[in-house]
Structures are given as C-alpha cells and as structure tokens.
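Welcome! Take a moment to turn the model around and get your bearings, and then we can walk through it together.

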Amino acid sequence: MFEIPIRMERVLHRLKELAHCSAGKRGVTRLSFTSEFRQAGLLVRRWMKEAGMVVRVDALGNIIGHYPHHRRGGPAFLIGSHLDSVMEGGAFDGTLGVVAALEVVQALFESGVQTALPLEVVVFCDEEGARFHTTLLGSRAMAGTLLGEDLNARDARGITLADALREFGLDPLAFRSAKRDPEQIAGYMELHIEQGPILENEHLPCGVVSGIAGAVRGRFQVEGLAGHAGTVPMDARRDALVGAAEIILAVEEAARKSPSTVATVGNLQVFPGSSNVIPGRVEGTLDVRSLDDEERRRVFRQICQRAEGIAENGSLSFCCEVVLDTPAVQCSPRLMAAAAEAITHHGYPPLFIPSGAGHDALAMADLTEVGMIFVRCRGGVSHHPEEYVEPEDIEIGVSVFLEAVLRAMDSHPKASSTGQTEEAEVP
Ligand code: GLV
Ligand code: MN
Ligand code: MN
C-alpha cells in the first residue's frame, strides 16, 4: 500500500476553527441547528469543496460530500462523524472524526489516488442529543430508523425538532428522504476519541472498536405538591425533589450492582423552582447503557420499579417515558480487520476495545456494516472542556484511518483495486 501524505497543519487548523464555533465561554457548546452549528457547517462545506467534492445537505441537515464522477461506480463507502457537541464539551468529540474524514478525502484527492469504491464524507447533525434529549438524529434519519414522533421532541425552551429544522431552512416533513438505500452503501467507518482511559493505560495511540454499548434514554417526572416553604410542616409535605433525590440514589445503586451497566441522571428541572416554594414537580433524564442488552433492560426495569416504590412512600407519583432504546452493536469483522491491519502496519499492536459511549455508527449499523477506530485522549477525559488529544496521536490516528479506509474498500466484494491515477477523480 503506497504512502499517502496527510497535512497535519491543516488538520489542527480545522480543529481549531471548529472549536471557535461555540456558544458560551467554557469549552465547546454547539447544539444542533443553532447559529454556531450553522457556522461550523459552512466551514465543513467549504472544506469539502476544497477537496473537490460536490456537497449536498439532506432533510435533517446532515452534510454529505461526494465525487459524482467516480469512474468505477459501485456502492459508496461512507466516513464521517458528528458536528454537534454537549453543553461545555471538548474540541475533539465528533469534530476529530469529521476533520479526519475530510483529511482522508483531501489527501487522496491531492495524491491522485483512485479508490476502489466511491468515497463519501457524511457529517451528522446530532449525535449527542444534548438539545432534544433524543439522540443520533442525523444517522437514524440516514439509516431510516428516525420516527415521525421524534420530530415532536422538545428542547429546554419548548422548541420542537420540527420547528428547529424549519427555522434552519429545512423541511421536517421530508425527513424520510434522508434515508439511504442499503444496496448503494458499502460500509461506514468513523474515527473518534476514545473518551475513556484504556488506550492511555496501554500506552497505545489508537485501537480498534469491537462494539458499541446499547442505550436507553428516558424522561421521567416526579409529581408532588407545591406549597409554602415556611408554613407546611415537614411531615405534611409531598416534596417532589426529595423523592427525586432518593430515586437518583436508587439509579446509582442499581447500576453499581450490575457488572456491565452504567446509569446517569444528567439533567433535572425543579418546578416551580423558587427558594420559598416546596418543589411540586421534578423532571429529569435517565440514561442507562450496557453492551449486554438484556442486562441493560433489566436494570432499567428495576430502576423504574424502585422509583415507583419511592414515589408511593412519599405520596408522590412517578412516570418515565422512553425516548430512545438502541440495542448494542458489534462492529463488522471485515472492517475491524481493516483497522487492525492498518494499526499493525503502523507498528502498533491492535487492541480491541468496546465503546461505552454512543456513536453515529450505532445507528448506521441498521443500514450497513460499521467500523470504528479510537484515538487516545488525555486522562480519558471527554464531555468536558479539558478534553485533549496530542497532535502526535492525531497524526497517527488519521494516517491509520486513511489506510484502514482504503483496506476496507479494497476488501469489499464489489471493489476494484485502489490505484494511482494521473488525474484526480473530480468533475
Ligand atoms: C454521546 O457521546 C453519548 O455517548 O451519549
Ligand atoms: Mn461523539
Ligand atoms: Mn459525545
């Protein structure tokens, strides 16, 4: 396999430019369909064009770059990641995969390499679910698993996904048109920061993802009775926040007792939310994950039963609406082999790591085979402003990713072999 140079100064510059597309002062906050998100999307579209790609935006706002005149035809191989962030997140979650995918196509374009299959870059609109709580919106739309009811999901200000799409200049009713034909897709690969400590502990710059944990996300509500904070005696109260606090401890206990499950209450809203009023209602989010789907569902059921018991004891009511339930996914053996061979070729042992975090690959697995490469991050820290990846690791990661993508395309049954041409594959 011939050497194809990547340009690190371009990669680092682009990461910095995307990090500037952020609201707020701490870390990166780039929620889907906001003005900072639009700004980041404009940069990505410009860079795709620089790489000789034709750009289109689908009904969900996913940005897709492709070479329409690829001579060899066949199904397209997709690479990419997401452009949205959590609140006060870091500069690498999602964007490293976006910039890596752009660098792969641009390096191939500049080196005049003709790939074995058409190569597309896909930049997803909402992997985190930080704005609407329901997650993987862009990749689920592309895989055809987004539901009409998802358009009714509301953000913290009560704006629905449908309204946000409309305001962004998209047509929410056309969401089904984002679905791709599985016959036309040859696989999806994504580079992502590990978001955990395994690679750092093993002194390795990158690793092969073996599978992605399944997740259930719920929105729960505890209802009590609001009242005067100065007059209602303690034993006459129906304080929804006290009930919610007990429920959070039960969530923690249930997950700690399970060998493979993690569970988090990441958001809580207290109503009416005044220092001199007993909380009458609490709304919160629940996120339960495991690589073992049966165990994850068991823990979720157990949490809900415990919560109902706690609510009953406090003369409160509890209900929980499931907004997302995605089963765990195993990565494709063929794409894992491509990644492992590329890592070995770069002089490192291929370490196989399961992903506790969710990724667009989870949703894309309903459409096509998926593979992922993780890059080491400092201290395993992610979803935090101090998220950091050493430039040396980025360079190794992107080079490995480029080679893995070529190997993955070469090993596809419908591939012609990769070669070098005089002219680049552009219109
Ligand atoms: C996204 O990072 C998630 O795992 O929820
Ligand atoms: Mn991510
Ligand atoms: Mn994330």
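Let us begin at ligand 1, whose surroundings are formed by E127, E128, R217, R289, A357, G358 and H383. Keep in mind along the way that this is a predicted model. Sorted by class, the shell around ligand 1 holds 4 charged residues, 2 polar ones and 1 nonpolar one.

Some of these neighbours also make polar contacts through their side chains. In R289, a side-chain N or O atom sits 2.6 Å from an oxygen atom of ligand 1. R217 places a polar side-chain atom 3.1 Å from an oxygen atom of ligand 1, and H383 likewise has a polar side-chain atom 3.1 Å from an oxygen atom of the ligand. How much of ligand 1 does the protein cover? On its own, ligand 1 has 190 Å² of accessible area, and the protein covers 94% of that.

H383 and E128 lead us on to a metal site. The manganese ion (ligand 3) has protein donors from D93 (OD), E128 (OE, listed twice) and H383 (NE2), at 2.0 to 2.5 Å. Along the chain, these donors are spaced as D-x34-E-x254-H. Here distant parts of the chain are linked: D93 belongs to the loop between β3 (76-82) and α3, while H383 belongs to the loop between β17 (370-375) and α11 (391-410), 290 residues apart. Are these two residues buried or exposed? D93 is buried, because its relative accessible area is 6%, under the 20% cut-off. H383 counts as partly exposed, because its relative accessibility is 41%, which falls between 20% and 50%.

D93 has a second partner as well. It bridges the manganese ion (ligand 3) and the manganese ion (ligand 2), which lie 3.4 Å apart. For the manganese ion (ligand 2), the coordinating atoms come from H82 (NE2), D93 (OD) and H192 (NE2), at 2.1 to 2.2 Å. The spacing of these donor residues in sequence is H-x10-D-x98-H. Because D93 lies in the loop between β3 and α3 and H192 in strand β6 (residues 185-193), the pair ties together parts 99 residues apart in sequence. Both D93 and H192 are buried.

To finish, follow the chain into the helix. Helix α3 spans residues 95-110, 16 residues in total, and reaches 22 Å from its first C-alpha to its last, close to the 22 Å expected. How many of the residues of α3 are buried? The count is 14 of its 16, so this helix is mostly covered. Just after α3 comes G112, with a positive phi of about 65°.

Notes:
Residues are numbered from 1 along each chain as its sequence is written. Chains are lettered from A and ligands numbered from 1 in the order in which they are written. This is a predicted model: local features need pLDDT of at least 70, side-chain atom pairs count only at pLDDT 80 or more; totals for chains, interfaces and linings use all residues. Side-chain values use heavy atoms; hydrogens and water are left out. Helices (H or I, at least four residues) and strands (E, at least two) are DSSP runs, numbered from the N terminus. The expected span of a helix is 1.5 Å times one less than its number of residues. Buried means under 20% relative accessible area, exposed over 50%, partly exposed in between (1.4 Å probe, protein chains only). Donors are N, O and S atoms within 2.8 Å of the metal (3.2 Å for Na, K and Ca); water is not among the atoms, so sites may look incomplete. A residue is near a molecule or strand if one of its heavy atoms lies within 4 Å of it. A polar contact is a pair of N or O atoms within 3.5 Å; within protein, one must be able to donate a hydrogen and the other to accept it, and residues adjacent in sequence count only if both atoms are side-chain atoms. Accessible areas come from the Shrake-Rupley method with a 1.4 Å probe; for residues, only the protein chains shown count as cover. Ala, Val, Leu, Ile, Met, Phe, Trp, Tyr, Cys and Pro count as nonpolar, Asp, Glu, Lys and Arg as charged, and the others, Gly among them, as polar.
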